[in-house]
Amino acid sequence: MAKTVEGLYYSESHEWVKVEGNVAIVGITDFAQHAMGDLSYVDMPEVDDEIEAGEEFGAVESVKAASDLFSPVSGTVVEINEALEDAPELLNEDAFENWIIKVEMSDPSQLEALMDAAAYEAMCANE
Amino acid sequence: MEENLLKTCLYDKHVALGALMSPFGGFIMPIQYTNITDEHNAVRKAAGMFDVSHMGEIFVSGPDAEKFVNHIFSNNISGIPEGKILYGMMLYPNGTVVDDLLVYKEFQPDHFLLVVNASNIAKDYEWICAQKEGYDVEVVNASDSWGEIALQGPLAEKFAVETLGLEPAAALGFYTYYEAEWKGERMLVSRTGYTGEDGFEIYCSHAAVNEIWDILLAAGVVPCGLGCRDTLRFEAGLPLYGHELSDEITPLEAGLGMFVKVKDKEEFIGREAIAAQKEAGLSRKIVGIELQDKAIPRAGYPVEIEGQQVGVVTTGYRSISTDRSVCVAMVDKAYTELGTAVEIRIRKKVFPGIVTKKRFYETNYKK
């Protein structure tokens, strides 16, 4: 069973969000990394890119396939996790410890549309 | 969905091994047992085995068998010795490809075995039967009664001889086979494969395939899924029907002209179209492309020059053996010279690449 972390927000497309002030720290869930298998590349946006809630902002790739990443919130990318450029396997090792991007949110109320850990676990159980 | 998919005779063993199962060519097949990278490396460095029982076996026999197979096959089987295998294609009259296949010259006169792709068995059988008017031949689709294991890798010969007791396998040359028996049932052992490594393909009954699988597994041969079958064949420059070959691609465009014997053979289906294409020159061709970046080109991504699309990726990976992002792509002829700078569009960005040969790994076949 894939693990979840309490206190985070979760999207239907298997991203998690940790909120620090007005910044959303975004990663993929343990369920997602497990479903993808060994990751070989993480395609990330650039700092200062504007991203929209529900829209693609990058991708994670295994040997076999690419899987798009969708932003849970709108805003401006303020930081990307450069460690993933050389070590995408960090997401396999600990998907919650290793974030992908940090976003300065333009509309924090979008967080209300996301799930909590219990709701996300229930969704995964049905997949 | 899965109710409509066929299962090979090894299905229960794949499930028991915990394989990730997925549809392929009308069958539910193992994609990986542990992970693609480890299975890939097992074949490159030791030995792996694949359930390829989904492949099709079509037998052609009769007084006109040689003439008929030569009529539908692009390579030249005239007078080939018994036990010899040739790779080639069946072509449509317009030169595009019905399927790519192996033709085995059996150990009796006028008997041939055609080994075809799983996804094309029904189409191929229908096509072959539709061409046989006027030829005294019998065509039998025996795909359901044959199982097949591919034993591949530098240690394949050791396992074939020492573990399975197939002593004659050691003496086989590349693209030859011999007939044996497994507990009284017919078995074919050929020095062929789809990985770029030495190895064997073993055709036998369902029961025998199950026994051989268990014996090889117990001896330490790594079970390998279709995931690494694709990464291995791709690195070795081998085409996959539906990607580098199709009913919209000719063998010349795929860089496989050496298997189409326009000069040696006066007649076969598709010959005129291929001869005409040779005469006129190609408008596009499959090439290799290597990216400098780590981004991974995938099938369907556009190849561009200055924002204009000049081709499309047919297969691409982060190559496991070379740790490079590489692909093969169908590209307009003007941009197919080795060293040509092109770009590949991957989602929202374009990445610079260089045209290379379409084989990314030095193959280790036994000659």
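Buried, in this tour, means under 20% relative accessible area, with exposed over 50% and partly exposed in between (1.4 Å probe, protein chains only). The model is predicted, so local features need pLDDT of at least 70 and side-chain atom pairs count only at pLDDT 80 or more, while totals for chains, interfaces and linings use all residues. Residues are numbered from 1 along each chain as its sequence is written, chains are lettered from A in the order in which they are written, and side-chain values use heavy atoms, with hydrogens and water left out.

Select B:Tyr87 to begin; at 12% relative accessibility, this residue counts as buried. Add B:Tyr104 and B:Tyr177, which form an edge-to-face aromatic pair, 5.0 Å centre to centre with 70° between the planes (rings of Phe, Tyr and Trp, the last by its six-membered ring, pair if their centres lie within 6.5 Å; planes under 30 degrees apart count as stacked, over 60 as edge-to-face and the rest as tilted). B:Tyr104 is buried at a relative accessible area of 0%, and B:Tyr177 is buried too, at 3%.

Move next to the contact (heavy atoms within 4.5 Å) between the two chains, to which chain B gives 17 residues and chain A 17 residues. Six salt bridges are counted between chain B and chain A, a salt bridge being a side-chain nitrogen of Lys or Arg within 4 Å of a carboxyl oxygen of Asp or Glu. Select A:Glu61 with B:Arg298 to see a salt bridge between their side chains, at 2.7 Å from N to O.

Finish in chain A, where ring pairs link A:Tyr10, A:Trp16, A:Phe96 and A:Tyr120 into a cluster.
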